Amino acid sequence: MRVAILCSSPYSETGCAVAARLAQLGYVPVGALTLPSWDRRTLLRKIGQWGLHDSLHYAVAKLIPGKRTIQKQIRNPYLESALRHGEGIFRSLRQVARTYGFPVVTCTDQNSPRAIAQLMQWSPDLAIFTGGDILRDEVLKVPRLGILNSHLALLPEIRGMTSPEWSLLCGVPLGITIHFMDSGVDTGPILLRREFVADGCDSLADLRNKMIAEGIELIAEAVTGLDRGTISAVPQADREKDCQFFVMHERLKAVAARRLKKGQTNPVGGTCDGSGVSNG
């Protein structure tokens, strides 16, 4: 199984962890295509998610690790086992690549002719999307089987952005879906769909970190299953209301956070209407 990685940054912990985890299982990537370290869109997205202070702290920890402990060098503590390498950790995709022997190519646009040509040269059976641009049909068609994505919610119930928070707000069980990407927003065929138990998560950030780590394990399971022919993709079921969610207002996030702390990860009778507001 020839696997390629699509990544938002060489310093993406998720991208590094996916590449390292697959390599540990014998699926050394044929190559990784990444946006630049200082891609403007990625920086703005991270600042929006984490805030300026945490974003700067992350950048310093990756670029200038100094004498920090391993725990302080990792933003998502649940990725430590995948990122550990000897007595240290992988801080960049290039470190993973040097260890396992695969190329890393930087592109300013994952949909550009140059990026597509590079993917075609690697001739992957499968690609794993760990962040970056909205992918167009020309890119999606390059891998023989398609491009996989880990979505932090159950599909088709919760599509789009801020998905764990919307799951909490709408009374939909928390979950993770591994699916093939298509031209729609989280509408591609599903390989794995698992509910997620939020026990021990004391904040939305902790919940998301834990779900990201679990999603990487499910990606590894999906790749192995595809390689062995033990799983196949299933088209998403039709729904009367095909909801797509967007960035959540901070006030609604506060409601979702309260539900998480109270253990209300699936309120009885909670349903989601077209506006994304819980009526449960």
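**Exercise 1. Determine how many of the residues of helix α9 (residues 163–170) are buried, and what that says about the helix.**

Solution. The structure is a predicted model.

Step 1. Apply the cut-off: a residue is buried when its relative accessible area is under 20%.

Step 2. List the residues of α9 that pass. These are S163, P164, E165, W166, S167, L168, L169 and C170.

Step 3. Count them. Eight of the eight residues are buried, so α9 is largely enclosed by the rest of the structure.

Step 4. Put the helix in context. Of the 280 residues of the protein, 51% count as buried.

Step 5. Look at what comes after the helix. G171 follows α9 and has a positive phi, near 75°.

**Exercise 2. Identify the elements against which the buried residues of α9 pack.**

Solution.

Step 1. Collect the strands in contact with these residues: β7 (146–151), β8 (159–160) and β11 (244–245).

Step 2. Add the helices, α10 (204–228) and α11 (250–261).

Step 3. Place these elements in the whole, which has 11 helices and 11 strands.

Step 4. Consider sequence separation across the protein. Among contacts with a separation of 6 or more, 68% are between residues 24 or more positions apart.

**Exercise 3. Describe the packing of α9 on α11 by angle and axis separation.**

Solution.

Step 1. Take the geometry: the angle is about 70°, and the axes lie 9 Å apart.

Step 2. Classify the angle. Since 65 to 115 degrees counts as roughly perpendicular, α9 is roughly perpendicular to α11.

Step 3. Name the residues that meet. From α9 they are E165, W166, L168, L169 and C170, and from α11 they are L252, K253, V255, A256, R259 and L260.

Step 4. Sort them by class. The contact has eight nonpolar, no polar and three charged residues.

**Exercise 4. State how many disulfides the structure holds, and give the burial of C170 and C201.**

Solution.

Step 1. Recall the bond type: a disulfide is a covalent bond between the sulfur atoms of two cysteines.

Step 2. Apply the distance criterion, a pair of cysteine sulfur atoms within 2.5 Å. The number of disulfides is zero.

Step 3. Check the two cysteines. C170 is buried because its relative accessible area is 0%. C201 also counts as buried, with a relative accessibility of 7%.

**Exercise 5. Examine the backbone at P156, S123 and T162, and locate each residue.**

Solution.

Step 1. Set the expectation: most residues other than glycine have a negative phi, and most peptide bonds are trans.

Step 2. Inspect the bond from L155 to P156. This peptide bond is cis, with omega near 10°, and P156 sits in the loop between β7 and β8.

Step 3. Inspect S123. Its phi is positive, near 50°, and the residue belongs to the loop between α7 (113–122) and β6 (126–129). With a relative accessible area of 43%, S123 is partly exposed.

Step 4. Inspect T162. Here too a residue that is not a glycine has a positive phi, about 50°. T162 lies in the loop between β8 and α9, and its relative accessible area of 14% makes it buried.

**Exercise 6. Decide whether Q121 is buried or exposed, and give its C-alpha separation from V30.**

Solution.

Step 1. Locate the residue: Q121 is part of helix α7.

Step 2. Compare its relative accessible area of 63% with the cut-off; Q121 is exposed, since exposed means over 50%.

Step 3. Read the distance. The C-alpha atoms of Q121 and V30 are 10.0 Å apart, with their positions 91 residues apart along the chain.

Notes
Residues numbered from 1 in each chain as written. Predicted model: local features only at pLDDT ≥ 70, side-chain atom pairs only at ≥ 80, totals over all residues. Heavy atoms only, no water. Buried < 20%, exposed > 50% of the residue type's maximum accessible area, 1.4 Å probe, protein only. Helix = DSSP H or I, 4+ residues; strand = E, 2+ residues; numbered from the N terminus. Contact = heavy atoms within 4.5 Å. Axes fitted to C-alpha atoms, helices over the stretch in contact; angles between N-to-C directions. Parallel < 35°, antiparallel > 145°, perpendicular 65-115°, else oblique. Nonpolar A, V, L, I, M, F, W, Y, C, P; charged D, E, K, R; others polar.
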